[in-house]
Amino acid sequence: VQLQASGGGLVQPGGSLRLSCAASESIFRSNHMGWYRQAPGKQRDLVALITSGGDTRYASSAKGRFTISRDNAKNTVYLQMNSLKPEDTAVYYCKAYYSPYEYWGQGTQVTVSS
């Protein structure tokens, strides 16, 4: 499975971005898909996850500001990020879990700065 992440960029604090993760295979067959992020010098952490049934889970830092969604017809998962803060600056990666394997996209840089 190949994952292509896109949508990152430079945005001012308080701004919004929408990340996309396009999969080469049906995401309907996945167990779950998620977005992770890694800031310089830090570990890669979960931001948001969505299961095949549509259940979602968010990191506490993302709750109320980020929304993960999926379009099975387009084999794409989205991360809508609102009210962005400088501490959201990181490389964002999408991951797909098709039991028992997991696959990672190449990452997209998000920089929040004035």
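Ala, Val, Leu, Ile, Met, Phe, Trp, Tyr, Cys and Pro count as nonpolar here, Asp, Glu, Lys and Arg as charged, and the others, Gly among them, as polar. Keep that in mind as we look at the largest pocket of this predicted model.

The residues lining the largest pocket divide into four nonpolar, four polar and four charged. To find this lining in the structure, look for Arg37, Gln38, Ala39, Lys42, Gln43, Asp45, Leu46, Ala59, Ser61, Glu87, Thr89 and Ala90. Two elements, β4 (32–38) and β5 (45–51), give two or more residues to the lining. The volume of the largest pocket is about 160 Å³.

From the pocket, we can move on to a strand that begins at one of its lining residues: Ala90 belongs to the lining, and strand β9 spans residues 90–98. How much of β9 is covered? Seven of its nine residues are buried, so the strand is mostly covered, with buried meaning under 20% relative accessible area.

Strand β9 is a good place to pause, as several pairings can be traced from here. With β4, β9 runs antiparallel, and seven bridges join the two strands. You can spot this pairing at tyrosine 36, whose bridge partner in β9 is tyrosine 93. Strand β11 (residues 108–112) also pairs with β9 in the antiparallel sense, over three bridges. Here, valine 91 stands opposite glutamine 109 in β11.

Then there is strand β10 (residues 101–104), which is joined to β9 by four bridges and runs antiparallel to it. Which residue in β10 is the bridge partner of tyrosine 97? That partner is glutamate 102. If you follow the chain from β9 to β10, you pass through a hairpin that joins them through two residues.

Now let us turn to another group of strands. Four strands form an open sheet in the order β1-β3-β8-β7, with antiparallel pairing. Which strands lie at the edges of this sheet? They are β1 (3–6) and β7 (66–71), each of which pairs on one side only. From one strand to the next, the twist averages 15 degrees.

Within this sheet, strand β3 (residues 17–23) and strand β8 (residues 76–81) pair in the antiparallel sense, and their pairing extends over six bridges. To see one such contact for yourself, find alanine 22, whose bridge partner in β8 is threonine 76. As you look along the strands, one general point is handy: in a regular strand, the side chains alternate between the two faces of the sheet.

Note on methods:
Residues are numbered from 1 along each chain as its sequence is written. This is a predicted model: local features need pLDDT of at least 70, side-chain atom pairs count only at pLDDT 80 or more; totals for chains, interfaces and linings use all residues. Side-chain values use heavy atoms; hydrogens and water are left out. Two strands pair if DSSP finds at least two bridges between them. Axes are lines fitted to C-alpha atoms, for helices over the stretch in contact, and angles run from 0 to 180 degrees between N-to-C directions. On a 1 Å grid over the protein atoms alone, a cavity is a set of points where a 1.4 Å probe fits but cannot get out, and a pocket is an open set with protein on both sides within 12 Å along at least five of seven lines; lining residues have an atom within 4 Å of a point. Grid points are joined across faces, edges and corners, and a volume is the space filled by probe spheres set on the points. Buried means under 20% relative accessible area, exposed over 50%, partly exposed in between (1.4 Å probe, protein chains only).
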